[in-house]
Amino acid sequence: MTPPAASRPPQAEGRPDDAQPDPLVDRMLAGDRRALGRLITRVENREPGVPDLMRRIHARTGRAYTVGITGPPGAGKSTLVDRLTAAIRKTGATVGVVAVDPTSPFTGGAVLGDRIRMQAHTLDAGVFIRSMATRGSLGGLARATAETQKLLDAAGFDWVLVETVGVGQTELDVVKLADTTVVVLVPESGDGIQTMKAGLLEAADILVVNKADREGASRLLTELKYMVHLHREGQQASRDLDWEVPILSAEAVHDVGVAELLESIGRHRAALESSGVLERRRQTRRTRELRALIVTELRQEVDRALADGGALERVLTDVEAGRIDPHTAIRTIAKRLRLGPAATD
Ligand code: GDP
């Protein structure tokens, strides 16, 4: 029950009480990696305190530069991320990695994956790696990834690498988190056309043909150059940044092409920053996040109201039986929930 107003400390509207410290958050902000890991688990499990957690860290976010790395399974993304992490570390910057695999249900495989990945960087406090797999809805996974990115940012990592299996809506949602998106393709799966179909070409700021040691690599490179050229012609008017998508070749497993990739990412970042597009895109991302939250929260509220067996249940049965039309029903529901113009009728 809500305590009487007089006994509550004054607070700004919409701003929850800050009096309760959260020691885990303080430890995370002070650089404690175990605290960071536990907070990511909270986010993954969708614990009730997540909105409060996000509010607490908000002021510490916005510093990290986020790179999304996506492509088909087996393209060499993990290998590339591992090598890219090492290359970034050589510059002295720190790296947080979130590896998302929406194709594998959570079986503990992600944890094993973490261990394997971690080996190369175990002793390096400047690297933090976390894998996430599907638990529940894919939409939930995209949200948990976005929140984990913020945690890594708040924890002070200079770079956040988000690695995800392409291609589907969730992966594209994950891609939207990134400041720079790298799409990794390989010769053997004839990825050129698939890329086009999946809308990945549109999402790519940099294309990498990995496994350049394999047959067909140069054909794929040529094919992609042609596609990017065509695509660029078609998009001339709607582009907000003058950027020609580089098509790089790499052999991640042999550490070939990794320095060039980092250099391209750096150029893309510089182009975004100097043109002001980085900030504009981040603004769009923030409002998009708000809109998504509004929809999620409202839907939950409506679902709760419809499920509680109260007056709204009759509206449902009336719609079901065809006694009233859905437009009349929605006005009744909105009125009951005090939403929209119907609320003031
Ligand atoms: P992911 O599923 O996209 O993360 O791919 P992985 O990084 O797990 O790589 C899949 C397999 O491809 C592994 O056996 C890697 O060693 C191998 N691999 C990665 N890069 C290359 C490369 O440049 N050339 C060749 N031949 N194999 C590679």
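Throughout these exercises, a residue is called buried when its relative accessible area is under 20%, exposed when that area is over 50%, and partly exposed in between, with a 1.4 Å probe and only the protein chains counted. The model is predicted, and local features need pLDDT of at least 70 while side-chain atom pairs count only at pLDDT 80 or more, although totals for chains, interfaces and linings use all residues. Residues are numbered from 1 along each chain as its sequence is written, and side-chain values use heavy atoms, with hydrogens and water left out.

**Exercise 1. Place N45 in the chain and classify its accessibility.**

Step 1: N45 lies in the loop between α2 (33–44) and α3, where helices (H or I, at least four residues) and strands (E, at least two) are DSSP runs numbered from the N terminus.

Step 2: With a relative accessible area of 36%, N45 is partly exposed.

Step 3: Although N45 and A144 are 99 residues apart along the chain, their C-alpha atoms are separated by 8.7 Å.

**Exercise 2. Describe the chain as a whole.**

Step 1: The chain holds 14 helices and seven strands.

Step 2: Of its 345 residues, 42% are buried.

Step 3: Taking contact to mean heavy atoms within 4.5 Å, one finds that, among contacts between residues at least 6 apart in sequence, 76% join residues at least 24 apart.

Step 4: The chain exposes about 18,700 Å², of which carbon and sulfur atoms supply 54%; accessible areas come from the Shrake-Rupley method with a 1.4 Å probe, and for residues only the protein chains shown count as cover.

**Exercise 3. Work out which residues surround the ligand and which polar atoms approach its oxygen atoms.**

Step 1: A residue is near a molecule or strand if one of its heavy atoms lies within 4 Å of it. There are 16 residues around the ligand, and G74, K77, S78, T79 and D213 come nearest.

Step 2: The residues of this shell divide into five nonpolar, five polar and six charged, where Ala, Val, Leu, Ile, Met, Phe, Trp, Tyr, Cys and Pro count as nonpolar, Asp, Glu, Lys and Arg as charged, and the others, Gly among them, as polar.

Step 3: Helix α4 (residues 77–90) gives the most to the shell, with three residues.

Step 4: A polar contact is a pair of N or O atoms within 3.5 Å; within protein, one must be able to donate a hydrogen and the other to accept it, and residues adjacent in sequence count only if both atoms are side-chain atoms. A polar side-chain atom of T79 lies 2.5 Å from an oxygen atom of the ligand, a backbone N or O atom of G76 lies 2.9 Å from a ligand oxygen atom, and a polar backbone atom of A252 is 3.1 Å from an oxygen atom of the ligand.

Step 5: The protein covers 71% of the 580 Å² of accessible area that the ligand has on its own.

**Exercise 4. Decide how the buried residues are arranged around helices α3 and α13.**

Step 1: An α-helix has 3.6 residues a turn, so residues three or four places apart point the same way.

Step 2: In helix α3 (residues 50–57), the buried residues are V50, L53, M54 and I57. Seen down the axis of α3, they fall within an arc of 95°, so they line one face of the helix; the arc is that of the directions from the helix axis to the C-beta atoms.

Step 3: In helix α13 (residues 311–320), L312, V315 and D318 are buried. These residues cover an arc of only 110° around the axis, which puts them on the same side of α13.

Step 4: R314 and E320 are exposed on the other side of α13, while the cover over its buried residues includes α12 and α14 (326–336).

**Exercise 5. Trace the side-chain contacts of R282 and T70.**

Step 1: R282 lies in helix α12 (residues 277–307) and counts as buried at 13% relative accessibility.

Step 2: The side chain of R282 reaches the backbone oxygen of G62 at 3.1 Å. Leaving aside neighbours within four places in sequence, R282 is in contact with G62, A64, Y65 and D179.

Step 3: T70 belongs to strand β1 (residues 65–71) and is buried, with a relative accessible area of 1%. A polar atom of the T70 side chain lies 3.0 Å from the backbone oxygen of T164.
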